[in-house]
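Reader: I would like a close look at a single part of this model, the place where its helices pack against one another. Please set that part against the rest of the chain as you go.

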Amino acid sequence: MEKILLIEDNKDIRDNLAEILELANYHVLTASNGKEGVTIALEQQPDLIVCDIMMPVLDGYGVLHMLHKNESLRPIPFIFLTAKTERTDVRKGMEMGADDYITKPFEGAELLSAIESRLRRCAEIRQPETSGISGLHTLLSSTSGKDLLASLKEDRNTNHYKKKQQIYAAGNRPESLYYIMEGKVKIYQRNDDGKELITGLYNEGDFLGYTALLEAGAYQESAEAIEDTVLAIIPHQDFEDLVNNNPEVLSRFVQLLAKNIAEKEQQLIALAYSSLRKKVASALITLDHKYNTTQKTHFEIDISRENLAAVAGVAKESLIRTLGDFRDEQLITLRDGTIVLMEKDKIAAMRN
């Protein structure tokens with residue numbers, strides 16, 4: 001049962017709203033002024049807060065300010081409830097971080113609808129699948145109330161890329177965001193000797209090239225189609241409008257950038273200190289996690305030895321020798337150029 005904190009100085013209104021919320025099967029906490037409300041919020045950690053603006057001791061703006069100073073309370077959905085209807089008052093509340101603004105008088109159904117909507121969106125944002133770029137669909141739908149992702153990628157020009165065709169090159173400045181409609185793409189870097197290291201793998205449903213757009217800089221890596229690929233082309237301005245008008249989406253992209261940096265740091269540590277067997281095992285499990293979307297027990301990996309070596313960060317000859325060892329140990333099966341993972345748990349354990 002979700003906990004709703006109701007902060008309202010008018011006793012009649014407070015009691016009436018509390019009764020409505022309880023009938024809607026919410027656990028209701030009440031406070032008669034802002035200071036008391038902040039104290040209860042700290043102690044009880046409600047799932048949502050409904051707060052009047054004009055109150056003694058501490059007004060609604062002060063409550064919101066105090067809550068946002070506390071990291072654990074900052075994500076709690078916050079709905080202002082007030083008779084103040086001036087546009088400047090509404091704007092001030094929204095700029096401070098309020099999620100919604102309901103003016104008196106109102107119907108109980110209006111408040112319940114706003115509460116249900118905010119709780120639903122908050123729950124969707126917290127879902128684990130939104131931690132990756134492929135989960136942006138859920139994030140956009142939850143933060144906007146509509147499917148922004150669909151509108152972002154629909155009715156776009158599409159480019160078709162053949163296997164091994166370059167999509168963009170390091171050093172160039174981005175003009176578009178790419179959405180993979182079909183196919184697979186690798187992100188890679190090359191050293192002065194031309195040796196390639198794959199630093200990212202992307203699949204159908206992923207966005208591509210967002211890092212350079214957010215950094216407002218040039219591409220640091222190159223992108224190439226691993227197989228025949230179809231990309232939707234989203235102009236830079238459309239992407240910029242999306243993140244500028246949706247702070248939660250921008251925040252999630254920043255989190256994704258931080259996550260990408262952490263993953264690359266781990267990759268560098270593995271390249272520096274892991275054994276050959278660990279590097280190859282890690283590359284196989286990485287491919288399984290990325291492309292085995294149906295969680296098959298015996299997953300077949302169709303990737304060239306050159307690309308697999310570039311994922312592992314090893315020489316092609318060393319990779320082939322290690323794959324032969326894994327085959328002899330019955331960890332994998334080599335079949336017509338593909339690799340079938342037979343003992344994923346054992347392969348994964350080798351990375352530790």
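**Helix packing around α13**

Author: In the contact of α11 with α13, the residues L276, R277, V280, A281 and L284 of α11 meet S318, L319, R321, T322, L323, D325 and F326 of α13. By class, this contact holds seven nonpolar, two polar and three charged residues. Everything here refers to a predicted model. Helix α11 spans residues 276–291, and its axis comes within 10 Å of that of α13, with a crossing angle of roughly 80°. An angle from 65 to 115 degrees counts as roughly perpendicular, so α11 is roughly perpendicular to α13.

Helix α13 (residues 316–328) also packs with helix α12 (residues 305–312), at an angle of about 95° and with the axes 9 Å apart. Helix α12 is therefore roughly perpendicular to α13. From α12 the contact takes R305, E306, L308 and A309, and from α13 it takes K316, L319 and L323. Four of the residues in the contact of α12 with α13 are nonpolar, none are polar and three are charged. L319 and L323 of α13 belong to this contact, and L319 and L323 also appear in the contact with α11.

After α13 the chain enters a loop that leads to β15 (332–335), and Q330 is found in that loop. Q330 is not a glycine, yet its phi is positive, at about 60°. Most residues other than glycine have a negative phi. Q330 has a relative accessibility of 61%, and because exposed means over 50%, Q330 counts as exposed. A216 also has a positive phi without being a glycine, in this case about 55°. The loop that holds A216 runs between α8 (210–215) and β12 (222–225). A216 counts as exposed because its relative accessibility is 55%.

The stretch of α12 leads to another part of the chain through N307. The side chain of K186 makes a polar contact with the side chain of N307, at 2.6 Å. K186 lies in strand β9, which covers residues 185–190. With a relative accessibility of 3%, K186 counts as buried, since buried means under 20%. Leaving aside residues up to four places away in sequence, K186 touches E196, I198, G200, L201, S222, A223, E224, I226 and N307.

Another buried charged residue is E8, in the loop between β1 (3–7) and α1 (11–23). Its relative accessibility is 1%, which is why E8 counts as buried. Beyond residues up to four places away in sequence, E8 touches I13, R14, A31, S32, D52, M55, L81 and K104.

As for the whole chain, the protein has 14 helices and 16 strands. Of its 352 residues, 46% count as buried. Among contacts between residues at least 6 apart in sequence, 68% join residues at least 24 apart. The protein exposes about 18500 Å², and carbon and sulfur atoms supply 46% of that area.

To return to the part requested, α13 is roughly perpendicular to α11, and α12 is likewise roughly perpendicular to α13.

How values were computed: Residues are numbered from 1 along each chain as its sequence is written. This is a predicted model: local features need pLDDT of at least 70, side-chain atom pairs count only at pLDDT 80 or more; totals for chains, interfaces and linings use all residues. Side-chain values use heavy atoms; hydrogens and water are left out. Helices (H or I, at least four residues) and strands (E, at least two) are DSSP runs, numbered from the N terminus. Buried means under 20% relative accessible area, exposed over 50%, partly exposed in between (1.4 Å probe, protein chains only). Contact means heavy atoms within 4.5 Å. Accessible areas come from the Shrake-Rupley method with a 1.4 Å probe; for residues, only the protein chains shown count as cover. Axes are lines fitted to C-alpha atoms, for helices over the stretch in contact, and angles run from 0 to 180 degrees between N-to-C directions. Angles under 35 degrees count as roughly parallel, over 145 as roughly antiparallel, 65 to 115 as roughly perpendicular and the rest as oblique. Ala, Val, Leu, Ile, Met, Phe, Trp, Tyr, Cys and Pro count as nonpolar, Asp, Glu, Lys and Arg as charged, and the others, Gly among them, as polar. A polar contact is a pair of N or O atoms within 3.5 Å; within protein, one must be able to donate a hydrogen and the other to accept it, and residues adjacent in sequence count only if both atoms are side-chain atoms.
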